[in-house]
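Subject: Structure for you to look at

Dear colleague,

I am handing over the structure we spoke about, and I would be glad if you could look through it alongside the notes in this email.

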Amino acid sequence: MNKTAQLALNAALVIAVAVLFYLYSRQPAAPAVASAPVVATVAAEAPATEIPAPTDSADAAAAPDETPAPASVAEATALPAIKKVGFVESGKLLDGYAGMKAARKALEAKLRAFDQRHQAAVQAFQTAVQAYQAKAPSMLEGQRNEQEAKLQQQQEQVAQQQQQLQQQAQEEEAKVQEQVLGRVNKLLERYGKANDFDLILIAGGGTVAYGRPGLDITPIILAQLNAEYAAGKK
């Protein structure tokens with residue numbers, strides 16, 4: 001394959017990669033609420049182990065046993081009983097949260113801007129390849145080599161820009177998750193303390209297999225999240 005054909009193939013590959021980058025950038029972010037702390041199950045009480053008095057000699061039998069009996073395993077590991085439990089459905093919570101909707105909209109705008117920058121670089125490279133193909137037959141060998149080296153460098157720059165934009169997209173997505181989930185988890189903590197919850201679980205992805213409807217506090221948390229977001233926007 002000659003260098004002109006190779007450059008044409010490279011241009012096609014860059015365009016294909018650009019399409020893949022565009023498809024990646026259009027995928028919606030799907031963060032999950034951070035899991036609540038896991039509380040250990042209360043251990044069952046077990047009777048304390050009795051230590052029989054030694055019977056080998058009269059002195060040993062008469063001597064008082066000053067060694068305290070060891071505590072049972074249950075007494076050493078027992079935790080307070082869990083009395084009040086609730087859970088929230090992460091999907092419904094994040095999909096209905098106005099703050100998440102706004103964050104996703106802003107993220108999509110940034111991703112579109114990244115894609116436009118990349119598309120412009122790809123188009124410029126494609127135009128340069130086409131111009132070279134039109135002039136190559138009339139060029140001297142040295143001129144062709146020089147122009148091909150420039151095109152190769154331009155292609156590498158396009159690939160580097162693509163990697164940088166993908167990294168920026170990932171960083172922006174992580175920033176959105178950190179900001180939104182931080183607000184959600186802080187509200188869950190405040191609500192749990194104010195309403196004497198011992199445990200609030202996250203339902204989603206198999207974390208909670210079943211929960212009685214009365215334990216689902218998703219609507220309450222969602223209403224408070226949107227109320228706080230609306231108050232902050234004013």
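What follows is an account of what was found, going from the whole chain to single residues.

Please keep in mind throughout that this is a predicted model. The protein chain has seven helices and two strands, and in sequence order these elements follow the pattern α-α-α-β-α-α-α-β-α. Of its 234 residues, 27% count as buried, while the accessible surface of the chain comes to about 15,400 Å², with 56% of that area belonging to carbon and sulfur atoms. Among the contacts with a separation of 6 or more, 89% are between residues 24 or more positions apart.

The pairing of α5 with α6 deserves a careful look. Two packed helices are described by the angle between their axes and the distance between the axes. Here the axes of α5 and α6 come within 10 Å and cross at roughly 175°, which makes α5 roughly antiparallel to α6, since an angle over 145 degrees counts as such. The residues of this contact divide into 18 nonpolar, eight polar and seven charged.

Two glutamines of α6 may serve as places to inspect. Gln161 lies in helix α6 and counts as buried, because its relative accessibility is 18% and the cut-off for burial is under 20%. Leaving out residues up to four places away in sequence, Gln161 touches Arg117, His118 and Ala121, and its C-alpha atom is separated by 9.9 Å from that of Phe114, a residue 47 positions apart from Gln161 along the chain. Gln168, also placed in helix α6, is partly exposed, because its relative accessible area of 32% falls between the limits of 20% and 50%. With neighbours within four places in sequence set aside, Gln168 is in contact with Phe114 and Arg117, and the C-alpha atoms of Gln168 and Leu111, which are 57 residues apart in sequence, are 9.0 Å apart in space.

Turning to the nonpolar interior, the largest nonpolar core has 25 residues, of which Val184 and Ile221 touch the most other members. At least two residues of this core come from each of α4 (90–96), α5 (98–135), α6 (141–194), β2 and α7, and the largest share, nine residues, is supplied by α6. Apart from this core lies another, of 10 residues, among them Val122, Ala128, Val129 and Ala136. As for Ile221 itself, its contacts beyond the neighbours within four places in sequence are with Val88, Leu93, Leu187, Leu188 and Tyr191.

Two loop residues complete the account. Asp196 lies in the loop between α6 and β2, and it counts as exposed, because its relative accessibility of 59% is over 50%. Most residues other than glycine have a negative phi, and most peptide bonds are trans. Against that background, you may wish to look at the backbone of Asp196, whose phi is near 60°, a positive value in a residue other than glycine. Thr207 is placed in the loop between β2 (199–203) and α7 (218–233), and its relative accessible area of 49% makes it partly exposed, because exposed means over 50%. The C-alpha atom of Thr207 is separated by 9.9 Å from that of Glu89, although the two residues are 118 residues apart along the chain.

With best regards

How values were computed:
Residues are numbered from 1 along each chain as its sequence is written. This is a predicted model: local features need pLDDT of at least 70, side-chain atom pairs count only at pLDDT 80 or more; totals for chains, interfaces and linings use all residues. Side-chain values use heavy atoms; hydrogens and water are left out. Helices (H or I, at least four residues) and strands (E, at least two) are DSSP runs, numbered from the N terminus. Buried means under 20% relative accessible area, exposed over 50%, partly exposed in between (1.4 Å probe, protein chains only). Contact means heavy atoms within 4.5 Å. Accessible areas come from the Shrake-Rupley method with a 1.4 Å probe; for residues, only the protein chains shown count as cover. A nonpolar core is a set of buried Ala, Val, Leu, Ile, Met, Phe, Trp, Tyr and Cys residues joined through side-chain atoms within 4.5 Å. Axes are lines fitted to C-alpha atoms, for helices over the stretch in contact, and angles run from 0 to 180 degrees between N-to-C directions. Angles under 35 degrees count as roughly parallel, over 145 as roughly antiparallel, 65 to 115 as roughly perpendicular and the rest as oblique. Ala, Val, Leu, Ile, Met, Phe, Trp, Tyr, Cys and Pro count as nonpolar, Asp, Glu, Lys and Arg as charged, and the others, Gly among them, as polar.
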